[in-house]
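Subject: Handing over the structure

Hi,

Here is the structure I promised to pass on. Have a look at it first, and then read my notes underneath.

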Amino acid sequence: MVTGGDSAADARRFAAFISYSHADAEIAAKLQRQLERYRLPKHAGLVRNGKSARLGRIFRDRDDLAAAPSLSEAIRHALSESGALIVICSPDAKKSRWVSEEIALFRELHPDSPVLAALVRGEPGDSFPDALTVNGIEPLAADVRKEGDGWALGFLKIVAGIARVP
């Protein structure tokens, strides 16, 4: 994760963990690829060795989960090594027990780390998992739908959340 020298964050293996319903696997894969390739603008003040910094590795179960004796333990470990959580929000994600469990576990492990919502389908009330809005929290989502922010602006909102820049 790019944070300008926070040693705890620098030691993390993943800049972010993508939580999603497998119905949204295609968009999760696209987001992961683009986030891992993205270079932060130099004016953001995050430069390493004269080059714009990258966000770092982004965890997505299909690409990053090795064979393990316990899926839940492997997911818990990946969440513990992630600096932010990106939740792909859709009606399928709202119904997913696993997405809700990943949100709850991430908040338990990292109470002060960002949980970023990316609205990809449906309306917020039909797409935000209950764990995302627990205790009346209303997430400000990156609305990547065409009728919302669109992909380009929504993507940059997610980048800003991971990099913790305005």
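Below is what I found in it, starting with the whole chain and then going through the sheet, the cores and a few single residues.

One thing to keep in mind throughout: this is a predicted model.

**The chain as a whole**

You are looking at 166 residues, and 46% of them count as buried. The chain has eight helices and seven strands. Its accessible surface comes to about 8700 Å², with 51% of that belonging to carbon and sulfur atoms. If you take the contacts with a separation of 6 or more, 71% of them are between residues 24 or more positions apart.

**The sheet**

A good place to start is the open sheet of five strands, where the order is E4-E1-E5-E6-E7 and the pairing is parallel. The edges are taken by E4 and E7 (142–143); each has a single partner strand, so one side of each is left without a neighbour in the sheet.

Going through some of the pairs:

- E1 and E4 (residues 58–59) run parallel and are joined by two bridges. Here Ala16 of E1 stands opposite Ile58.
- E1 and E5 (residues 85–89) also pair in the parallel sense, over three bridges. Ser19 stands opposite Val87 in this case.
- E5 and E6 are joined by five bridges and run parallel. Leu85 has Val115 in E6 as its bridge partner.

Helix H6 (residues 97–109) packs on this sheet and touches E1, E5 and E6. The direction of H6 makes about 155 degrees with that of E5.

**Strand E1 and Ser19**

What covers E1 deserves a look too. Both of its faces are covered: Ala16 and Ile18 are buried on one side, and Phe17 and Ser19 are buried on the other.

Ser19 lies in this strand, which spans residues 16–19. How buried is Ser19? Its relative accessible area is 0%, and anything under 20% counts as buried, so Ser19 is buried. The side chain of Ser19 makes a polar contact of 2.5 Å with the side chain of Glu102. Setting aside neighbours within four places in sequence, Ser19 is in contact with Leu85, Ile86, Val87, Ile88, Val99 and Glu102.

**Two nonpolar cores**

The largest nonpolar core has 24 residues, and those touching the most other members are Ile18, Leu31, Leu35, Ile86, Ile88, Ile158 and Ile162. Two or more residues each come from E1, helix H2 (25–37), E5, strand E6 (115–119) and helix H8 (150–163). H8 gives the largest share, five residues.

To see how these parts come together, try clicking on Leu35. Not counting residues up to four places away in sequence, Leu35 touches Leu55, Ile58, Ile86, Phe155, Ile158, Val159 and Ile162. Another core, of 19 residues, lies apart from the largest one, and its members include Ala78, Leu85, Phe106 and Phe128.

**Glu81**

Next, go to the loop between helix H4 (71–80) and E5, where you will find Glu81. With a relative accessible area of 21%, Glu81 is partly exposed. Which residues beyond four places in sequence is Glu81 in contact with? They are Arg12, Arg13 and Phe14. Glu81 and Phe14 are 67 residues apart in sequence, yet their C-alpha atoms are 6.0 Å apart in space. There is also a polar contact of 3.1 Å between the side chains of Glu81 and His77.

**Two residues with positive phi**

Last, there are two backbone spots to check. Asn135 is not a glycine, but its phi is positive, about 60 degrees. Asn135 sits in the loop between helix H7 (124–127) and E7, and it is exposed, with a relative accessible area of 76%.

Arg164, another residue other than glycine, has a positive phi near 60 degrees. Arg164 is found in the segment after H8 and is partly exposed, at a relative accessible area of 39%.

That's the tour. Write back once you have had a look around.

Cheers

Key
Residues numbered from 1 in each chain as written. Predicted model: local features only at pLDDT ≥ 70, side-chain atom pairs only at ≥ 80, totals over all residues. Heavy atoms only, no water. Helix = DSSP H or I, 4+ residues; strand = E, 2+ residues; numbered from the N terminus. Buried < 20%, exposed > 50% of the residue type's maximum accessible area, 1.4 Å probe, protein only. Contact = heavy atoms within 4.5 Å. Areas by Shrake-Rupley, 256 points an atom, 1.4 Å probe, with all protein chains shown as cover. Polar contact = N/O pair within 3.5 Å; in protein donor to acceptor, adjacent residues only side chain to side chain. Pairing = 2+ DSSP bridges. Core = buried A, V, L, I, M, F, W, Y, C linked by side-chain atoms within 4.5 Å. Axes fitted to C-alpha atoms, helices over the stretch in contact; angles between N-to-C directions.
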